[in-house]
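Trainee: I should like to learn how to read the features of a structural model. Could we work through one together?

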Amino acid sequence: MQPRNMSMSGVVDLAAVKAAQEAKAKAEQARAEAARQGGGTGGLSPADLVIDVDEAGFERDVLQRSAEVPVVIDFWAEWCQPCKQLSPVLERLAVEYNGRFLLAKIDVDANQMLMQQFGVQGIPAVFAVVAGQALPLFQGAAAEAQIRQTLDQLVEVAEQRFGLTGLVVDPDAEPAGAEQPAAEAPAGPYDSLLEAAVRALDAGDFGGAVQAYRNVLSDDPANSEAKLGLAQAELLQRVQGLDPQQVRKEAADRQDDAQAQIAAADLDLVGGHVEDAFGRLIDTVRRTAGDDRDTVRRRLLELFEVVGGDDPRVAAARRALARALF
């Protein structure tokens, strides 16, 4: 599969960021623990793996989501008989692959602009978008064995090149939008380790905090609080001992140097200049290519973790990153 680029028209108080998201992280941890024990309490359901997408929601539902998970696009129409053979297979496989990709269904009759932008000549046509990169997969009602082979290749490319491991799916969860009963999150099994990590952060022992968070994640890779804490601790560890004046001089002198811009962005974020940090790395993504570009993109995603996905500045930067990757 060959990528096909397409044109689609203060100081940061890290402890406060952690506190603001603590309730959400605890709830997510509780849901994940309940799912592992067979008592699902909500989250992403298998039904959420197949979505209908239109032109208005394309950037949000496809471009932005493609930074988290490969998005497979099924171009179809009600009158298309081959579509009626292919679409159910893709929907079944989306559930079977259990979050390794997201299936976006686009009705070409209602979304002619998207059909034109992807250069679709006939339907059914299947594309993928991975980290903002569009890839043509196949056209026509292919055999299931061929579809599986193509999807396996897509998942492998997404994981190895872009680090996208897919979404966490709770088979007992209600579909998105269904009301869930309020529940108080129980104390988790890693509270003592998480508290030790916070104490290490407060003491300036960033290496100790990093190790404590990694200890949690080694047993519980989906632990949201540990992911957030690790991103914060690693950021503080990276900037410890840096000479800010020298870092900023090197960044100004070497605009196309990925590592120089990454170091300056770290300092920007710790200094409270969140939008400057994001903007610096997005501009660097535009100016670089190959491994350098991917390194910058990965660091930007790490900084998103530090600030938190609910922050509107992160949402805006994700949209800008998606545009920069095209």
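**Reading the model**

Mentor: Let us begin with a pair of charged side chains: E91 and K105 form a salt bridge, in which the closest N and O atoms are 3.2 Å apart. E91 belongs to helix α3 (residues 81-96) and K105 to strand β3 (residues 102-107), so this pair ties together parts that are 14 residues apart in sequence. Please keep in mind that the model is predicted.

Trainee: What can side chains of opposite charge do when their charged atoms come close?

Mentor: In general, such side chains can pair. In this structure, a search of the whole model finds 23 salt bridges.

Trainee: Are E91 and K105 buried or partly exposed?

Mentor: The cut-off for buried is under 20% relative accessible area, and partly exposed runs from there up to 50%. E91 has a relative accessible area of 29%, so this residue is partly exposed. K105, with 10%, is buried.

Trainee: Which salt bridge does D266 form?

Mentor: The side chain of D266 meets that of R299 in a salt bridge, at 3.0 Å from N to O. D266 lies in helix α10 (residues 258-270) and R299 in helix α12 (residues 290-307), so the pair ties together parts that are 33 residues apart in sequence. D266 is buried, with a relative accessible area of 3%, and R299 also counts as buried, at 16% relative accessibility.

Trainee: How should I read a salt bridge between R65 and E68?

Mentor: Take the distance and then the accessibility of each partner. The side chains of R65 and E68 meet at 3.3 Å, N to O. R65 is partly exposed, with a relative accessible area of 25%, and E68 is partly exposed at 36% relative accessibility.

Trainee: Which residues are linked in a network of salt bridges?

Mentor: R92, E96, E144 and R148 are linked in such a network.

Trainee: Let us turn to cysteines. Which residue does a disulfide join to C80?

Mentor: The approach is to look for two cysteine sulfur atoms within 2.5 Å. By this rule the count comes to 1 disulfide; C80 is joined to C83, with an S to S distance of 2.4 Å. The torsion about their S-S bond is about 80°, so the disulfide is right-handed. C80 is buried, with a relative accessible area of 3%, and C83 counts as buried at 2%.

Trainee: How does one examine a single helix, such as α8?

Mentor: One may compare its expected span with the distance between its ends. The 16 residues of α8 (residues 224-239), at 1.5 Å a residue, should span 22 Å, and the end C-alpha atoms are 23 Å apart, which agrees. Of these 16 residues, 13 are buried, so α8 is largely enclosed by the rest of the structure.

Trainee: What caps the N-terminal end of α8, and what follows the helix?

Mentor: N223 is the cap: a side-chain oxygen of N223 lies 3.2 Å from the backbone nitrogen of E225. After α8 comes G241, whose phi is positive, near 85°.

Trainee: How does one describe the surroundings of a single residue, for example S66?

Mentor: One asks where the residue sits, how accessible it is and what it touches. S66 is placed in the loop between α2 (58-64) and β2 (71-76). With a relative accessible area of 0%, S66 is buried. A polar atom of its side chain lies 2.9 Å from the backbone nitrogen of G132. Leaving aside neighbours within four places in sequence, S66 is in contact with V71, V129, V130, A131, G132 and L164.

Trainee: May we apply the same steps to R286? Where does this residue lie?

Mentor: R286 lies in helix α11 (residues 274-287) and counts as partly exposed, at 48% relative accessibility. Its side chain makes a polar contact with the side chain of D283 (2.9 Å). Not counting residues up to four places away in sequence, R286 touches A320 and A324. R286 and L321 are 35 residues apart in sequence, while their C-alpha atoms are 9.0 Å apart in space.

Trainee: Finally, how many helices and strands are there in the protein chain?

Mentor: There are 13 helices and 5 strands. Of the 326 residues of the protein chain, 47% count as buried. The chain exposes about 15,800 Å², and carbon and sulfur atoms supply 48% of it.

Key. Residues numbered from 1 in each chain as written. Predicted model: local features only at pLDDT ≥ 70, side-chain atom pairs only at ≥ 80, totals over all residues. Heavy atoms only, no water. Helix = DSSP H or I, 4+ residues; strand = E, 2+ residues; numbered from the N terminus. Expected span 1.5 Å × (residues − 1). Buried < 20%, exposed > 50% of the residue type's maximum accessible area, 1.4 Å probe, protein only. Polar contact = N/O pair within 3.5 Å; in protein donor to acceptor, adjacent residues only side chain to side chain. Areas by Shrake-Rupley, 256 points an atom, 1.4 Å probe, with all protein chains shown as cover. Contact = heavy atoms within 4.5 Å. Salt bridge = Lys/Arg side-chain N within 4 Å of Asp/Glu carboxyl O.
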